[in-house]
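Trainee: I'd like to learn how to read a protein model step by step. Could we go through one together?

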Amino acid sequence: QVRLVESGGGLVQPGGSLRLSCAASGILFRVNDMGWYRQTPGQQRELVATITNSGSTAYADSVKGRFTISRDNAKNTVNLQMNSLKSEDTAVYFCNANVMRTIVSKAADHWGQGTQVTVSS
C-alpha cells in the first residue's frame, strides 16, 4: 500500500504565498518522479510541476517564476512553494508519485486526496 498525504492548503490573498507538502509512506522500493497537479470544477486535472529523483524539474508555463518544487528523497516528501499567487491559481492541488513498491513490481502512479488552495481578497 502506498499513501500520499498532503498539507498546507488554505486561503490566501492575491500576491501572497503558500507552501504545500506531501509525504509518501508505505511499501516504497523506489520513488521516481513526484509532482503536483491541480483541478478546478468542470476542468481536467492539469500538471503544475514535477521533479525527478535526481532533482530535474518541469513547470507549467502559468506558474514558472512563481512556484518552486523540491523534494527530500530520504524522507520521500515533495514540496511546492507558491509565491505571487493569483486568483486563477485557486484549485484543488493533488500530490502525485510514481512508485515501484518492490524490486520486481512495475512502477505505478499514486495520488493524494487533494488540498484546497483558494486565492481571494
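Trainee: Let's start with a single pair in the sheet. Which residue is the bridge partner of Thr 50 in β6?

Mentor: Thr 50 is partnered by Ala 58 in β6. Keep in mind that this is a predicted model. The pair belongs to the antiparallel pairing of β5 with strand β6 (residues 57-59), which are joined by three bridges.

Trainee: What should I look for in the hairpin of β5 and β6?

Mentor: Look at the residues between the strands and at their backbone angles. Here five residues lie between the strands, and Gly 55 takes a positive phi near 100°.

Trainee: And on the other side of that step, how many bridges pair β4 with β5?

Mentor: Strand β4 (residues 30-39) and strand β5 (residues 46-51) are antiparallel and share five bridges. One partnership to find on screen is Met 34 with Ile 51 in β5. The hairpin of β4 and β5 has six residues between the strands, with Gly 42 at a positive phi near 80°.

Trainee: Is there a general idea about where side chains point in a strand?

Mentor: Yes: in a regular strand they alternate between the two faces of the sheet.

Trainee: Let me step back. How many helices and strands does the protein have?

Mentor: The protein has eleven strands and zero helices. Read from the N terminus, every entry in the order of elements is therefore a β.

Trainee: How do I judge its overall form?

Mentor: Compare the radius of gyration with the value for a compact globule. For 121 residues that value would be near 14 Å, and the protein has 14 Å, which agrees. Along the principal axes, the C-alpha atoms fill a box of roughly 50 × 25 × 20 Å. You can also ask about burial: 40% of the 121 residues are buried. Contacts tell you about the chain's path, too. Among those with a separation of 6 or more, 57% are between residues 24 or more positions apart.

Trainee: Why is β9 described as largely enclosed?

Mentor: Because nine of its ten residues are buried, β9 is largely enclosed by the rest of the structure. Now look at its partners. β9 pairs with β4 in the antiparallel sense over eight bridges, and Gly 35 has Asn 96 in β9 as its bridge partner. β9 also runs antiparallel to strand β10 (residues 108-111), with four bridges, and there Asn 98 stands opposite Asp 109. Strand β11 (residues 115-119) is antiparallel to β9 as well, joined by three bridges, with Ala 91 opposite Val 117.

Trainee: Loops seem harder to read. Is Asp 89 buried or exposed?

Mentor: Check its relative accessible area: at 1%, Asp 89 is buried, although Asp 89 sits in the loop between β8 (77-82) and β9 (91-100). Beyond residues up to four places away in sequence, Asp 89 touches Arg 38, Arg 66, Phe 67, Ser 84, Val 117 and Val 119. The C-alpha atoms of Asp 89 and Thr 118 are 7.5 Å apart, while 29 residues separate the two along the chain.

Trainee: Where is Asn 76, and how should I classify its burial?

Mentor: Asn 76 is in the loop between β7 (67-72) and β8. Buried means under 20% relative accessible area, so Asn 76 counts as buried with 19%. Apart from neighbours within four places in sequence, its contacts include Cys 22, Leu 28 and Met 34.

Conventions:
Residues numbered from 1 in each chain as written. Predicted model: local features only at pLDDT ≥ 70, side-chain atom pairs only at ≥ 80, totals over all residues. Heavy atoms only, no water. Helix = DSSP H or I, 4+ residues; strand = E, 2+ residues; numbered from the N terminus. Rg over C-alpha atoms; globule rule 2.2 N^0.38 Å. Buried < 20%, exposed > 50% of the residue type's maximum accessible area, 1.4 Å probe, protein only. Contact = heavy atoms within 4.5 Å. Pairing = 2+ DSSP bridges.
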